[in-house]
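Q: I should like to learn how to read the features of a protein model, one at a time. Where should a newcomer begin?

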Amino acid sequence: MPMSRHPRPAGPPGPYGLSGPSGLSGPSGLSGRDAAADALETLLRSARLVTVTGPGGVGKSALAAEVAHRMAGGRWDAVGFGDLAELDDPGLVPHHLARALQLDGDHGRTQLAGLERAVGTRPVLLVVDTCERLAGPCAEIFARLVTACPGLHVLATSRRSAPHAPDGTLPLRPLPLGAATALFRTRAREYGAEDIGSEAAREICRLLDGLPLAVHTAAAQLARRTAADLLSCLSRPEYVLDLPVPLPGRPERQRTLRGSLRWSLQLCTPLERLLWARCSVIPSAFTASDADVVCGDERLPPESLAVAFAGLERQ
């Protein structure tokens, strides 16, 4: 099983001007994420198996790409980038990882055993994006690989963490308001918009909860509408959810906020979906007691509510 040095399979451009982990193109200079990038790099050097978790559109792929660029250098015999978004069979995960590292199959061994043998003790960096559909199996496979291969470092991204996953986890949250505002104004200038006032920018980002995907999408709208018009649009959530991301070639889950939410909904259990639907009638922030009153009944008794909330939190 030969392994190419620093393979770079071609991949579509990622969010925020980056090529995704299937084909990184260069440092991103992520706005507002310096501390998170430093923390992730430190964690990955010590833990060797790290998962970046967080909601859709929060910038997990972009952060992983940034850290992979930082760590690439000349220390690795190989660097591989894979995306498991379309995979629903855990038995195929080792095959996809081998393909990410450009390894030939070994017909005399199982794919996972062959992958362990091919990597051996060599220093290898493997970045695996979109693991949420197979979070549990992926955690087990990655743990086995890093145990068998002492030079292997795995950096994964997932909307949900596997329960009791034996890895280091870095939860990524939306940007603070100040960082989101700076990102919004920078992106707006890149799309040719006139400079927008700081107060209007802050209000737009507050309405978007600092989610980088939403901030980027909204900034692109200023190429053809005023800040006042954009603020008016943001008062209609159904309109905002369908604003297209201004980057071609993205998968559906990254084209709009609605697509991102739909992808998360597909990951939910029936109880989690029921709770999600019932919570959607609450117009603002709410407490657990509020949810008990609005959402609880014989289909969602207190113990089921607690389980469903825990599951939604992992999204």
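A: Let us begin with burial. A residue counts as buried when its relative accessible area is under 20%. The model shown here is predicted. With that cut-off, helix α3 is mostly covered, since six of its eight residues are buried.

Q: Which residues of α3 are buried, and what covers them?

A: The buried residues of α3 are Val93, Pro94, His96, Leu97, Ala98 and Ala100. Their cover includes the strands β2 and β3 together with the helices α4 and α5. Just after α3, Gln102 adopts a positive phi of about 55 degrees.

Q: Which residues are buried in helix α4?

A: Helix α4 spans residues 111–119, and its buried residues are Leu112, Gly114, Leu115, Glu116, Ala118 and Val119. The elements covering these buried residues include α3 (93–100), β3 (124–129), α5 (135–148) and β4 (152–158). Just after α4, Gly120 takes a positive phi of about 60 degrees.

Q: How should one read a sheet, and in what order do the strands lie here?

A: Two strands are taken to pair if at least two bridges are found between them. In this model five strands form an open sheet in the order β2-β3-β4-β1-β5, and their pairing is parallel. At the edges lie β2 (78–83) and β5, each of which pairs on one side only. From one strand to the next, the twist averages 15 degrees.

Q: How many bridges join β3 to β4?

A: Five bridges join these two strands, β3 and β4, which run parallel. As one point of reference, Leu125 stands opposite His153 in β4.

Q: What are the pairings of strand β1 with β4 and with β5?

A: Strand β1 is joined to β4 by five bridges, and the two run parallel. Here Thr51 has Ala156 in β4 as its bridge partner. With β5, strand β1 pairs in the parallel sense over four bridges. In that pairing, Thr53 has Pro171 in β5 as its bridge partner.

Q: Is strand β1 buried or exposed?

A: The general idea is that side chains in a regular strand alternate between the two faces of the sheet. In the present case, both faces of β1 are covered: Leu49, Thr51 and Thr53 are buried on one side, and Val50 and Val52 are buried on the other. Strand β1 (residues 49–53) has five of its five residues buried, so it is largely enclosed by the rest of the structure.

Q: I should now like to consider charged side chains. How many salt bridges are there?

A: A salt bridge requires a side-chain nitrogen of Lys or Arg within 4 Å of a carboxyl oxygen of Asp or Glu. By this rule the model contains eleven salt bridges. In one of them, the side chains of Arg70 and Glu41 meet at 3.3 Å, N to O. Arg70 belongs to helix α2 (residues 60–72) and Glu41 to helix α1 (residues 34–47), so this pair ties together parts that are 29 residues apart in sequence. Arg70 is partly exposed, with a relative accessible area of 33%, whereas Glu41 is buried at 15%.

Q: Which salt bridge does Arg70 form with a residue of helix α2?

A: An α-helix has 3.6 residues a turn, so residues three or four places apart point the same way. Arg70 forms a salt bridge with Glu66, their closest N and O atoms being 3.9 Å apart. Arg70 and Glu66 are four residues apart in helix α2, and are therefore separated by about one helical turn. Glu66 is buried, with a relative accessible area of 10%.

Q: Where do Arg159 and Glu132 lie?

A: The side chains of Arg159 and Glu132 meet in a salt bridge of 3.8 Å, N to O. This pair links distant parts of the chain: Arg159 lies in the loop between β4 and β5 (168–171), and Glu132 in the loop between β3 and α5, 27 residues apart. Arg159 counts as buried at 5% relative accessibility, and Glu132 is buried with a relative accessible area of 6%.

Q: Which residues do salt bridges with shared partners join into one network?

A: The network consists of Asp38, Glu41, Arg45, Glu66 and Arg70.

Q: Finally, what may be said of the aromatic rings?

A: The count of aromatic pairs is zero. A charge may nevertheless sit over a ring: Arg75 lies over the face of Trp76, at 4.3 Å from the ring centre.

Conventions: Residues are numbered from 1 along each chain as its sequence is written. This is a predicted model: local features need pLDDT of at least 70, side-chain atom pairs count only at pLDDT 80 or more; totals for chains, interfaces and linings use all residues. Side-chain values use heavy atoms; hydrogens and water are left out. Buried means under 20% relative accessible area, exposed over 50%, partly exposed in between (1.4 Å probe, protein chains only). Contact means heavy atoms within 4.5 Å. Axes are lines fitted to C-alpha atoms, for helices over the stretch in contact, and angles run from 0 to 180 degrees between N-to-C directions. Rings of Phe, Tyr and Trp (its six-membered ring) pair if their centres lie within 6.5 Å; planes under 30 degrees apart count as stacked, over 60 as edge-to-face and the rest as tilted. A charge sits over a ring if NZ of Lys or CZ of Arg is within 6 Å of the ring centre and within 35 degrees of the ring normal.
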